[in-house]
Structure formats: C-alpha cells, structure tokens
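Student: I have a structure to read and do not know where to begin. Could you take me through some features one at a time?

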Amino acid sequence: MRIAPEGWPFILAAWVVWGALWFLAPPWASLPWFLVAVWVVAFFRDPVREGPRGDNVVIAPADGLVVSVINLDETEFLKERASRVSIFMNIFNVHVNRYPMSGTVEYRHYDPGVFGHAGTEKASVENEQSSVGLATARGRLLVKQIAGLVARRIVTDHQVGTAVIQGERMGLIRFGSRVDVFVPATAKILVHEGDKTVAGETVVAQWD
C-alpha cells in the first residue's frame, strides 16, 4: 500500500503508543489503540488512480460524498458564472486530493478561517481553506481544499507557474474535510447531490 509521506510521523507515533500499551498493560487494554493505529495507516493511503483523461472531462479532486451542486457567480478566480461541486470527505475516505484537469497553476490563496463542519454551505466561505486556480485548455478552473471540524493541516503541493497533470496529486487535508471544484457554467455537470466520487476516476463534468 502506498502511503502519503505526510502520514509517516502519525503512523509511527500511533504504533509506538500501541507497542507501549501492549508491553505495559493487559492485552485487552491495547486493543482500542491497535484499531486507531490501523485506521491511521488507512487514512494516509495514497492509491494509484487511473480513469478517464482528456481536456473534455473534469475529474473528481477528492474521494467522498457530493453534498451540493449549485450555480453561482465565482468572483475569486473564474470571474464568471460557474457550477460548484462540493465533495465531503469523512475520516475513512482517502484524503489525497488530485487535479481535475491538466493546466498551469495561475492562482494560490490561503485563508485561515475557522474549523466548522465541512459539510455545511457556510464552510465554503468561513472555514480554513486553500484555493488553487488552473488555466486549462477549456478555460479557468478553481479548486478549494476546505478544512473541517478536526482538520488542522491543509497541504497544497504546487506553486504558481507549475504545469500540472490531470489526476496528479494536488495535496492532502488531514482528518476530515471537503473539496470544492468550480467549473465554467458552460460545462455539463454529471454528478448529483448524494453521489459518491473517487479522486482521479469519477468524471464530475464534461464539455461537448
């Protein structure tokens, strides 16, 4: 199993604690922490993802549940009418995020925000978040990594000017969060609220 490098300190710490409990306490007392240690490994898994590729499709940037699909005026980067697909990641989802399309990073912005529930509508505005704007062959596209109640670290891999590839790792959010992807309203949205997505595989939108 491939592991995101950011996870190794947490994985090692979890197994050290379990080992200490195993030697110093009755075996039954270490069982709950053993389950925690296994979960920490699973949380930081980074599986290889292969799916549809091309300039005519927008791929899901995150594993999780589609909690909203709305139209709005996106004024931060696209500066036009857009569709926003919001994907909520629970603590059991893969938390490595991936680029929905190939292009060049033209915009990055970090907002410290708060740590409210990531599944709510106000989280898109109020929560801690990292925004990445891409210039693609079909126009501009914006991705927001949004922290949740227990998330305390957003990792965004690339700086402005970097050429990125569809399906490539974009970053990671630790311990529960959400990712919003904004595409021009001319794109056809293919997912609906309640759908599940797989980062790097599920097509969330396409152009004719």
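Tutor: Begin with one pair of residues: Val58 stands opposite Ala205 in E14. Before going on, note that this is a predicted model, where local features need pLDDT of at least 70 and side-chain atom pairs count only at pLDDT 80 or more, while totals for chains, interfaces and linings use all residues. Residues are numbered from 1 along each chain as its sequence is written, and side-chain values use heavy atoms, with hydrogens and water left out.

Student: What does a label such as E14 stand for?

Tutor: Helices (H or I, at least four residues) and strands (E, at least two) are DSSP runs, numbered from the N terminus. The chain has three helices and 14 strands.

Student: Which strand does E1 join, and by how many bridges?

Tutor: Two strands pair if DSSP finds at least two bridges between them. Here three bridges join E1 to strand E14 (residues 203-206), and the two run antiparallel. They belong to an open sheet of three strands in the order E1-E14-E12, with antiparallel pairing. Strand E1 (57-59) and strand E12 (188-189) are the edge strands, each pairing on one side only.

Student: How is a pair of aromatic rings described?

Tutor: By the distance of the centres and the angle of the planes. Rings of Phe, Tyr and Trp (its six-membered ring) pair if their centres lie within 6.5 Å; planes under 30 degrees apart count as stacked, over 60 as edge-to-face and the rest as tilted. The count by this rule is eight aromatic pairs. Phe10 and Phe44 form a stacked one, at 5.6 Å centre to centre and 20 degrees between the planes.

Student: Why does that pair tie together separate parts of the sequence?

Tutor: Phe10 lies in helix H1 (residues 8-24) and Phe44 in the loop between helix H2 (27-43) and E1, so the pair links parts that are 34 residues apart in sequence. Ring pairs also link Phe10, Trp39, Phe43 and Phe44 into a cluster.

Student: Is Phe44 buried or exposed?

Tutor: Buried means under 20% relative accessible area, exposed over 50%, partly exposed in between (1.4 Å probe, protein chains only). Phe44 is buried, at 0%, whereas Phe10 is partly exposed, at 30%. Of the 208 residues of the chain, 47% count as buried.

Student: What sits over the ring of Phe77?

Tutor: A charge sits over a ring if NZ of Lys or CZ of Arg is within 6 Å of the ring centre and within 35 degrees of the ring normal. The charged end of Arg140 sits over the ring of Phe77, 4.3 Å from its centre. Phe77 is buried, at 3% relative accessibility.
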